[in-house]
Amino acid sequence: MLDEVAIVGVGQTKYERRKIGETFADLVFEVTNKALEDAGITIRDIDNVVTVSNDFQDGRTISSMAVMDACGAFGKNVSTVEGDGTLGALYGLMRVLSGAFETTLVVAHCKCSEGDQDLIWNSAFDPVYYRRLGLEAVSASALQARRYMDKYGVTGEQCALVPVKNHRNARANPWAQEAMDLTVEEVMRSPVLASPLKMLDAAPLSDGACAVIFANRWKAGRMTTKPVWVRGVGHCADAYYLGDRDLAGVDSLTGAAKRAYGLAGIVDPRKEIDVVEVFEAFGYQELMWLEGLGFCDPGQGGVFTAGGNTLMDGPWPVNPSGGVLSAHPGLVAGLVRIAEACLQVRGDAGARQVDGVRTALAHGTNGLCGQGHCVWVLGG
Amino acid sequence: MSLKAPPELIVFQQMADVPYNWSLGREGSLFLIALRDEKKFLGIKCPSCGKVYVPPRKVCGPCFTANSQWVEVGDEGVVTAFSVVNYRFTDPATGLPREVPYTFAFVRLDGADTKLCHKLAETDPARLKVGMRVKAVFAEQRTGNIEKDVIHFRAVQA
């Protein structure tokens with residue numbers, strides 16, 4: 001799929017705990033305009049739209065229909081993905097690849113401040129065998145963290161290196177919600193939410209939106225923005241019931257990465273990828289996802305991170321934006337990883353720019369505890 | 001009149017309760033009936049790979065084969081992961097905060113290949129470990145609701 005489809009524009013809101021002054025449609029309007037401006041085009045150049053939203057988060061059945069005006073879909077072909085933003089982007093990419101469309105706008109929104117997040121995440125579980133127990137995203141992830149740390153001997157201190165790094169990186173990202181200087185000791189001393197996870201191991205809740213515009217080769221060549229080509233993409237999913245899975249395993253991510261690397265012609269990601277943006281809702285997840293992406297062996301994520309490999313000045317900077325730990329607008333978060341990887345390839349990432357990026361990786365995850373993963377390889 | 005800043009920002013609050021009637025299916029019904037009436041855990045076996053699923057369901061995902069053979073599994077098993085929850089999360093049954101601490105765990109029942117998610121009686125992290133053996137504690141009055149019919153799992157003295 002080399003050089004068939006390019007990302008030609010991206011737009012993000014500032015991510016905040018409570019955007020009380022805007023409706024979710026207002027956020028969609030804001031990022032749609034920002035992405036159009038970034039691409040140097042108008043809404044008339046967009047021939048179709050893919051929206052990404054979650055009805056439980058919006059508290060509205062078929063809530064995607066409520067943002068049609070705000071994303072410029074009036075009178076156009078528009079469809080929706082309810083899942084992580086990377087999957088909405090995958091659908092948008094496919095629409096251009098099919099030849100039926102030339103320019104797809106993909107826009108994701110979520111206001112985590114408006115619904116009860118415990119109940120919304122609890123509702124992701126099977127209603128009979130899991131839901132009434134009260135599990136939600138944090139406690140389910142705590143079970144995964146326990147299994148992962150126990151299986152491989154990964155320590156809490158190693159996991160804590162991730163929020164320390166990502167919150168520090170976030171200081172250079174004007175869109176990030178939580179930028180701060182932390183120490184491993186501060187993370188370790190923060191209150192236990194659900195053992196072994198502590199407050200500072202976890203992402204905040206955020207309101208925000210993100211938009212990405214895909215164009216075919218012909219259209220991309222007519223735009224002023226430097227095109228960022230989609231070199232490869234892969235998606236793979238594991239079992240739904242958490243009890244069916246080995247929660248320390250990353251088979252579905254390995255599968256997704258293998259497909260993306262295959263399309264992109266990447267043999268060794270350590271030699272060919274310059275910067276990485278992953279969807280880490282908790283510190284331990286970044287360690288696991290780096291294993292699944294092939295940057296280190298299974299169980300070695302802690303040692304790999306402790307070696308400084310993922311720092312801004314390390315060989316493989318991971319989450320220069322500050323990652324999901326610094327802003328977690330729900331299913332927008334994966335699309336943000338693509339937008340950030342795109343900016344890195346363009347050299348437009350400002351103070352968070354990594355030097356000499358030719359190839360960037362963006363990763364999104366869908367479902368609880370990384371049930372499904374989507375991996376993108378972008379290049380200039 | 002030109003656009004101007006509102007003197008206040010209005011937030012509209014509303015509960016969104018939606019009653020549902022979820023079918024348990026034949027497999028789920030048999031599982032919960034055995035739990036309710038006989039205090040037994042039933043699993044279902046994939047004829048292709050031999051994996052025993054608890055709770056039982058129609059399809060083995062990896063094989064895409066219909067599960068066909070019922071097997072009784074133990075009411076004891078091994079803890080594969082646990083978490084002591086310390087924040088007052090919203091109880092889905094009541095909408096009110098649930099009392100903490102509170103321990104969730106995955107338990108692989110003897111004879112099963114998958115893990116069952118439930119609660120543990122123990123809430124002191126120092127007395128919990130992966131690999132510990134636990135046993136189901138059943139409620140006197142059982143109604144076919146796994147969260148209530150099994151009160152929790154408790155440690156089995158070695």
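**Exercise 1.** Which residue takes a positive phi just after H11(A)?

*Solution.* Keep in mind that this is a predicted model. Step past the end of H11(A) and you meet A:Gly294, whose phi is positive, at about 90°.

**Exercise 2.** Work out why helix H11 of chain A is largely enclosed by the rest of the structure.

*Solution.* Start with the cut-off: a residue is buried if 20 or more other C-beta atoms lie within 10 Å of its own. Next, apply it along residues 283-292: 10 of the 10 residues of H11 in chain A pass, so the helix is largely enclosed. Among the buried residues are A:Tyr284, A:Trp289 and A:Glu291. Finally, look at the neighbours: the buried residues of H11(A) pack against H5, H6 (156-169), H9 (251-264), H12 (301-306) and strand E10 (359-366) of chain A.

**Exercise 3.** Find out how the radius of gyration of chain A agrees with that of a compact globule.

*Solution.* For 380 residues, a compact globule would come out near 21 Å; chain A has 19 Å, which agrees. Then add the extents: the C-alpha trace spans about 55 × 45 × 35 Å along its principal axes. Burial completes the picture, with 62% of the 380 residues of chain A counted as buried.

**Exercise 4.** Describe the side of chain A that touches chain B.

*Solution.* First, count: chain A brings 33 residues to the contact and chain B brings 34. Second, locate: helix H4 (117-122), helix H5 (137-152) and strand E5 (192-194) of chain A each give two or more residues. The largest share, 6 residues, comes from H5(A). Third, sort by type: this side of chain A has 17 nonpolar, 7 polar and 9 charged residues.

Conventions. Residues are numbered from 1 along each chain as its sequence is written. Chains are lettered from A and ligands numbered from 1 in the order in which they are written. This is a predicted model: local features need pLDDT of at least 70, side-chain atom pairs count only at pLDDT 80 or more; totals for chains, interfaces and linings use all residues. Two residues are in contact if their C-beta atoms, placed from the backbone, lie within 7 Å. Helices (H or I, at least four residues) and strands (E, at least two) are DSSP runs, numbered from the N terminus. Ala, Val, Leu, Ile, Met, Phe, Trp, Tyr, Cys and Pro count as nonpolar, Asp, Glu, Lys and Arg as charged, and the others, Gly among them, as polar. A residue is buried if 20 or more other C-beta atoms lie within 10 Å of its own, exposed if 12 or fewer, and partly exposed in between; C-beta atoms are placed from the backbone. The radius of gyration is taken over C-alpha atoms; the globule rule is 2.2 Å times the number of residues to the power 0.38.
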